[in-house]
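User: Please take a close look at one part of this model and describe how it sits against its surroundings. Start from the domains, then work through the packing and finish with a few places elsewhere for context.

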Amino acid sequence: MKAAVLWERRTPLKIEEIDLADLEPGDARVKIQASGVCHSDLHHINRETPFKPPLILGHEGAGVVEAVGPGVTSVQPGDRVTIMFGSKCGNCHFCNTGEDYLCTTPLPGYPRFIRKEERFTQLLGVGSFAEYVNVSASNLVKVPEELPIECAALLACGVTTGLGATTSTVNVKPGDTVAVIGVGGVGMNVVQGAALAGASRVIAVDLVERKLELAQQFGATHLVNAGDTDAVQEIKNLTHGRGADYVFEVIGRPETIKQAYDAARNGGTAVVVGLGASDEEVGFNLGELMRSGKAIQGCFYGSVRPHADIPRYIDLYLDGRIKIDQLISRRFKLEQVNEAFDALKAGEVARGVIMYE
Ligand SMILES: [Zn+2]
Ligand SMILES: [Zn+2]
């Protein structure tokens with residue numbers, strides 16, 4: 001089968017013929033049908049991360065279960081599924097207390113992608129830039145027939161992280177004021193999550209005009225192009241001079257995280273959704289942090305319980321309450337994966353999706 005391999009960081013991916021290992025107990029094999037191209041995939045291309053090349057990227061995949069390994073009863077061949085990334089063991093302290101996104105069970109150490117003596121790393125236990133993957137069955141959430149498969153793929157990361165950020169990580173309430181710094185694939189979903197929760201102001205901040213226009217369709221009430229104006233001041237102007245109740249940072253850079261903190265009202269919360277580099281830090285004035293009563297909140301995977309929350313998001317989609325299709329600006333074949341990354345880098349797309357035969 002074909003897979004896109006990152007042989008060396010900061011180089012284009014190469015399409016290779018590789019094999020899957022035999023199914024381990026607890027694993028299922030999924031024939032991938034759609035895989036979103038997310039900014040955090042790009043992060044693993046450009047930065048040093050624990051996932052070492054040769055690496056199969058892709059963590060926003062969906063498809064059909066092809067086979068199951070020993071002991072698997074939660075899914076069966078033929079099921080349409082979306083694939084959660086990271087560990088979701090269902091047995092550790094965090095899984096047991098409903099904080100699955102903090103699951104501490106290490107990802108399986110055995111190789112799932114192989115070629116003779118070569119072993120390939122599987123990004124976040126998924127690696128969906130491949131025609132087939134072996135994954136933990138506990139990471140699979142079944143999706144109904146009516147849900148288009150590319151929408152199922154986006155539920156594996158972008159949609160879920162964004163919606164979860166507004167209502168699981170924090171609790172945006174009717175009338176709250178919200179600003180979102182960075183409206184790419186995830187940020188756009190923070191916008192629609194905030195609008196759905198009844199926020200009175202949803203201020204979208206970005207540098208790309210096209211993304212801001214799209215954000216309006218997703219429920220943004222005000223648009224701020226940070227290239228033209230001081231975004232922090234503008235957010236304050238739009239919130240009675242106070243700053244917003246919640247400011248979501250969905251880029252992962254020290255400057256914009258600081259902006260989110262500065263643009264939150266006293267007693268408000270800056271929510272860090274963007275994936276930053278592990279060697280970068282942000283500074284805050286200690287006196288101000290204490291006096292302002294502001295909170296700085298990290299957000300991983302929208303703090304969701306995938307098996308409980310994804311079906312709720314699917315119902316919202318099927319009832320026409322949230323948009324997913326409109327996030328997809330381009331579809332690519334696996335062979336065009338580098339083009340998909342170029343489009344992402346150029347800010348051309350909210351989400352590009354790789355579609356498989
Ligand atoms: Zn992602
Ligand atoms: Zn766990």
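Analyst:
**Helix α4 and its surroundings**

In this predicted model, 28 Å separates the C-alpha centres of domain 1 and domain 2. The domain assignment places residues 2–155 and 324–355 in domain 1, and residues 163–300 in domain 2. Contact between the two involves eleven residues of domain 1 and ten of domain 2. On the side of domain 1 that touches domain 2, helix α1 (residues 39–46) supplies the largest share, with three residues. By class, that side has four nonpolar, five polar and two charged residues.

The part to look at is helix α4, residues 158–169. α4 is mostly covered, with eleven of its twelve residues buried. The buried set consists of Gly 158, Val 159, Thr 160, Thr 161, Gly 162, Leu 163, Gly 164, Ala 165, Thr 166, Ser 168 and Thr 169.

One neighbour is helix α5 (residues 185–196), whose axis comes within 7 Å of that of α4 and crosses it at roughly 40 degrees. The two helices are therefore oblique to each other, and the crossing is right-handed. From α4, the contact takes in Gly 158, Val 159, Thr 161, Gly 162, Leu 163, Ala 165, Thr 166 and Thr 167. Facing them in α5 are Gly 185, Val 186, Gly 187, Met 188, Asn 189, Val 190, Gly 193 and Ala 194. Seven nonpolar and nine polar residues make up this contact, and no charged ones.

A second neighbour is helix α10 (residues 306–318), which packs against α4 at an angle of about 105 degrees, the axes being 11 Å apart. α4 and α10 are therefore roughly perpendicular to each other. Here α4 contributes Val 159, Thr 160, Leu 163, Gly 164 and Ser 168, which meet Asp 309, Ile 310 and Tyr 313 of α10. The classes in this contact are four nonpolar, three polar and one charged. Val 159 and Leu 163 of α4 appear in the contact with α5 and again in the contact with α10.

For context, another helix can be described by its cover. In helix α8 (residues 254–263), the buried residues are Thr 256, Ile 257, Gln 259, Ala 260, Tyr 261 and Ala 263. Their cover includes the strands β12 (177–181), β15 (244–249), β16 (264–272) and β17 (295–298), together with the helix α7 (231–237).

Two single residues complete the picture. Ile 328 is in strand β18 (residues 328–332). Ile 328 counts as buried because 21 C-beta neighbours lie inside 10 Å, where the cut-off is 20 or more. Leaving aside residues up to four places away in sequence, Ile 328 touches Glu 150, Arg 351 and Val 353. Its C-alpha atom is 9.0 Å from that of Leu 154, although the two positions lie 174 residues apart along the chain when counted as a separation.

Leu 124 is in the loop between β9 (118–122) and β10 (132–136). Leu 124 is buried too, because 24 other C-beta atoms are within 10 Å. With residues up to four places away in sequence left out, the contacts of Leu 124 are His 59, Phe 85 and Gly 86. The C-alpha atoms of Leu 124 and Gln 233 are 38 Å apart, at a separation of 109 residues along the chain.

Key:
Residues numbered from 1 in each chain as written. Chains lettered and ligands numbered in written order. Predicted model: local features only at pLDDT ≥ 70, side-chain atom pairs only at ≥ 80, totals over all residues. Axes fitted to C-alpha atoms, helices over the stretch in contact; angles between N-to-C directions. Helix = DSSP H or I, 4+ residues; strand = E, 2+ residues; numbered from the N terminus. Parallel < 35°, antiparallel > 145°, perpendicular 65-115°, else oblique. Left-handed = near helix turned anticlockwise from the far one by under 90°. Contact = placed C-beta atoms within 7 Å. Nonpolar A, V, L, I, M, F, W, Y, C, P; charged D, E, K, R; others polar. Domains from an automatic or database assignment.
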